[in-house]
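Dear colleague,

I am passing a structure on to you, together with some notes on its charged side chains and on one annotated region. Please have a look at the sequence and the model before you read further.

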Amino acid sequence: MAASFRSLTRAVSRPATRRLRPSPASIALPAVQKRLHSSKHPKGFEAPTTEELDELRERVHEFTRREITEEVAAHTDKSNAFPNEMWPKLGEAGFLGITADEDVGGLGMGYQAHAVVMEEMSRASGSIGLSYAAHSQLCVNQLQLNGSPEQKKKYLPGLIAGTKIGALAMSESGSGSDVVSMRTSAKKVDGGYLLNGSKMWITNGPDADLIVVYAKTEPDKGSKGITAFLVETKADGFSCARKLDKMGMRGSNTGELMFDNVFVPEDNVVGSVNGGVRVLMEGLDLERLVLSAGPLGIMQAALDVALPFSHQRKQFGSPIAHNQLVQGKLADMYTKLQASRAYTYATARQVDEQGVIRTQDCAGAILYAAERATECALDCIQLLGGMGYVEEMPASRLLRE
């Protein structure tokens, strides 16, 4: 599997002289919304062809059919525990470094490819897909975008191989969307910083080896006084206070993290001191874009369940799929999936081929896909009738995810 992905990488990587340039339309965009792909993509990146993305999707689907079976997905949900043996398997398959440089073990691909992997992973298990994204996008890609050469060399190989688990910690119990109101502090001391405070709702937090943590280095400066740090969880003073028992995405281990005089060396500052908000915003649009592929996988999974069932279940001597109302629900589910998929991949294609990141479309893609996925999961339950309400079928898990 790993060797085949390497061949795919070589197919995608082409001489730099053939790189696509921004279109005239992209030049007219406001500067805040136009960023060239040269600063957002791995070294030597070239946008993949449709055939290459189709090949990638097929390989990911083969992996999930083998490793993330319905039994694995159901057990992950019921036990509320991530199957940690999955990490090295994901690493061996090449999925954990999709957008990372090849010289640190990555595949050197782009955001269309990352969305493909995220979609297929979530099709098999939304919770495993979410933990995958927190590791490969929120941590690995953030380090790829903003880490120093030394930081990348030190941390990325283990994260990409799946021998280390990554996370990102921004939110606090009283600070979600209002990032600037965070209370976690970082006090300058000899050789580094002492972190104090807590973080809440951190995906992969209970399992992580390395976490990108945001803290206030100069609280009186507001958004210009926040710094990003790479925190190793083996450091003294770090702890996971509790693992959260969630309604959905169960098994995507989520926790409350505590920092009690956690020493972080100066070398582990990501970007510049007091430049944490810039680091955060560098990755936020791309995180939303890749994560929008998660609901696509859930919608596809809902169709995977509802479509064959509607042809197998008979009422009054005929499959319920012959009923026009049922056909209408199936048609709606399919159309919502295709519309959401078109939005996500058109936005990702613009990033890869033109180097343009539109904040409104990255946010719009995940907004639209998430709402449509909820509707499709509800329709899946309706189409399954009584079976949709029992745990023998995955319909309730899909709704909660």
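In this predicted model, the structure holds 25 salt bridges, and a handful of them are described here, beginning with one that reaches across the sequence. K40 pairs with E282, and the closest N and O atoms of this salt bridge are 2.8 Å apart. Because K40 sits in the loop between helix 2 (24–27) and helix 3, while E282 belongs to helix 9 (residues 276–291), the pair ties together parts that are 242 residues apart in sequence. Both partners, K40 and E282, are buried.

E282 has a further partner, since its side chain also meets that of R278 in a salt bridge, at 4.0 Å from N to O. Here the two residues come from one element: E282 and R278 both lie in helix 9, four residues apart, which is about one turn of the helix. How accessible is each of them, buried or exposed? E282 has a relative accessibility of 16%, and it counts as buried because the cut-off for that class is under 20%, whereas R278, with a relative accessible area of 56%, is exposed.

Other salt bridges are linked to one another through shared partners, and in this way R57, E119, E120, R123, D304 and R341 are joined into one network.

A salt bridge is also formed between E67 and R66, where the closest N and O atoms are 3.4 Å apart. E67 is buried, with a relative accessible area of 18%, while R66 is partly exposed, with a relative accessible area of 48%.

Turning from pairs to the surface, you will find a negative patch that is made up of E51, D54, E58 and E62. One of these residues, E58, lies in helix 3, which covers residues 50–67.

Finally, there is a record to keep in mind when you look at the later part of the chain. An unreviewed UniProt entry carries the annotation "domain: Acyl-CoA dehydrogenase/oxidase C-terminal", and this annotation covers residues 274–401. In the model, that span is 77% helix and 3% strand, and its end C-alpha atoms lie 36 Å apart.

With best wishes

Terms used. Residues numbered from 1 in each chain as written. Predicted model: local features only at pLDDT ≥ 70, side-chain atom pairs only at ≥ 80, totals over all residues. Heavy atoms only, no water. Patch = residues over 30% accessible without salt bridge, like charges linked within 9 Å, V, L, I, M, F, W, Y side chains within 5 Å. Areas by Shrake-Rupley, 256 points an atom, 1.4 Å probe, with all protein chains shown as cover. Lys, Arg positive; Asp, Glu negative; His and termini not counted. Charge placed at Lys NZ, Arg CZ, Asp CG, Glu CD. Buried < 20%, exposed > 50% of the residue type's maximum accessible area, 1.4 Å probe, protein only. UniProt positions renumbered as here; feature names shortened; annotations may be inferred.
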